[in-house]
Amino acid sequence: MLLLTGVTGKTGGASAQALLKKGIKFRAIVRNAEKAAALKAAGVELVIGDVTDRAVLEKALTGVDKALMVCPNGEKQLDIEKQFVDVAKAKGVKHVVKMSSMEAVADAKAPIPRIHYASEQYLKQSGLAWTMIKPNFFMQNLLGSGGTIKEQGKFFLPLSQGTTVMIDTRDIGACVAAVMTSPGHEGQAYELTGPEELSFADAAERFTKVLGRKIEYVHVPMPAYRQTLARFLTNEWHLNAVCELFQEIADGQDLHITDSVQKLTGKAPTSLEQFIRDHQAVFAA
Ligand SMILES: NC(=O)c1ccc[n+]([C@@H]2O[C@H](COP(=O)([O-])OP(=O)(O)OC[C@H]3O[C@@H](n4cnc5c(N)ncnc54)[C@H](OP(=O)(O)O)[C@@H]3O)[C@@H](O)[C@H]2O)c1
């Protein structure tokens with residue numbers, strides 16, 4: 001039996017869809033049954049409850065061979081993931097696949113990658129088989145700018161000239177499905193990237209080309225961006241953590257493109273142009 005968490009979110013949801021496409025049955029922990037109604041209808045076995053609740057984990061991880069651990073960002077993320085690993089071990093789970101990030105390295109400075117790195121170390125030392133899924137910036141983050149792209153032909157981010165090797169979460173889901181359903185992924189850390197390194201001005205050019213009208217990237221100073229984000233992110237720790245992560249992107253990162261998506265799925269990673277075409281309804285005026 002396979003167990004997934006985060007299936008009503010971006011990466012867990014894409015992983016669930018990729019497994020369903022392969023005709024694989026699995027179990028999932030969800031806290032909102034209504035949000036997961038379509039998954040239930042598709043045959044997913046739901047355990048309703050909170051991923052922070054030990055009793056829920058004990059129930060959900062019973063009889064499971066491989067589990068995908070996708071946990072929400074927050075100051076408690078490390079504790080939540082440690083408990084997940086502990087319960088998985090106690091329940092005889094063989095292999096935990098952890099959703100981490102490409103920025104999660106030993107000398108990471110921003111809080112979210114530091115938590116991911118610490119959690120990776122905890123899982124590695126647990127004695128369980130492990131696989132780390134380490135994606136770069138999600139193309140789906142740009143969906144949050146859909147409104148301003150549609151209405152003003154602009155998107156506003158505090159990322160200066162920073163670049164990413166952004167990836168479509170559907171490709172992340174396809175990679176997770178491959179890892180969950182085929183052998184040989186124990187002890188592997190897969191850095192997942194899209195096909196090209198792009199600044200946000202480059203991204204604006206891609207939008208312009210696909211949408212057929214001028215789309216402009218506007219750099220917003222971090223304090224102003226923080227004020228806007230605070231309307232959506234009410235947790236102070238999370239707000240600061242996202243701003244720190246974005247500041248690192250703005251300051252410039254040491255990036256590389258990997259062939260992990262191609263190797264795991266047999267397909268080239270989705271280009272930003274294709275992503276925009278697939279989400280025309282969100283961006284088109
Ligand atoms: N965004 C990026 O560019 C990026 C890049 C690399 C790595 N990452 C990493 O990717 C990971 C996952 O991100 P994501 O974007 O897939 O997450 P997401 O879309 O925010 O989804 C989070 C999922 O966790 C569920 N959840 C949250 N709290 C829960 C709880 N207490 N009990 C049960 N379920 C709970 C949510 O359920 P509800 O639907 O009920 O809220 C949702 O299904 C993060 O750790 C992040 O650091 C992100």
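Here's a quick briefing on the aromatic pairs and the main sheet in this structure. Keep in mind that this is a predicted model. The ring-pair count comes to eight aromatic pairs, and an open sheet of seven strands carries helices such as H1 and H4.

**Aromatic pair Phe200–Tyr217**

- The ring centres of Phe200 and Tyr217 sit 5.9 Å apart with the planes at 45°, so this one is a tilted pair; tilted covers whatever falls between the under 30 degrees of stacked and the over 60 of edge-to-face.
- Phe200 belongs to helix H8 (residues 200-211) and Tyr217 to strand E11 (residues 216-219), so the contact ties together parts that are 17 residues apart in sequence.
- Phe200 counts as buried because its relative accessibility is 0%.
- Tyr217 has 14% relative accessibility, so Tyr217 counts as buried too, given that the cut-off is under 20%.

**Aromatic pair Tyr225–Phe246**

- For Tyr225 and Phe246, the centres are 5.8 Å apart and the planes make 35°, so this pair is tilted as well.
- Tyr225 is in helix H9 (residues 222-229) and Phe246 in helix H10 (residues 236-251), so the pair links distant parts of the chain, 21 residues apart.
- Tyr225 comes out as buried, at a relative accessible area of 13%.
- Phe246 is buried at 11% relative accessible area.

**The aromatic cluster**

- Phe200, Tyr217, Tyr225 and Phe246 are among the members of one aromatic cluster.
- Also in that cluster are Phe137, Phe155, Phe207, Phe275 and Phe283.

**The sheet**

- Reading across the open sheet, the seven strands go E3-E2-E1-E4-E5-E6-E9, and the pairing is parallel.
- Strand E3 (45-48) and strand E9 (188-192) are the edge strands, each pairing on one side only.
- From one strand to the next, the twist averages 15°.
- Edge strand E9 pairs with strand E6 (residues 129-135) in the parallel sense, over five bridges.
- If you want a spot to zoom in on there, Pro135 has Leu192 in E9 as its bridge partner.

**Helices on the sheet**

- Helix H1 (residues 10-21) lies across strand E1 (2-5), strand E4 (66-69) and strand E5 (95-99).
- The direction of H1 runs at about 150° to E1.
- Helix H4 (residues 77-90) also packs on the sheet, where H4 touches E1, E4 and E5.
- The direction of H4 makes about 175° with that of E4.

Note on methods. Residues numbered from 1 in each chain as written. Predicted model: local features only at pLDDT ≥ 70, side-chain atom pairs only at ≥ 80, totals over all residues. Heavy atoms only, no water. Phe/Tyr/Trp six-rings, centres within 6.5 Å; stacked < 30°, edge-to-face > 60°. Helix = DSSP H or I, 4+ residues; strand = E, 2+ residues; numbered from the N terminus. Buried < 20%, exposed > 50% of the residue type's maximum accessible area, 1.4 Å probe, protein only. Pairing = 2+ DSSP bridges. Axes fitted to C-alpha atoms, helices over the stretch in contact; angles between N-to-C directions. Contact = heavy atoms within 4.5 Å.
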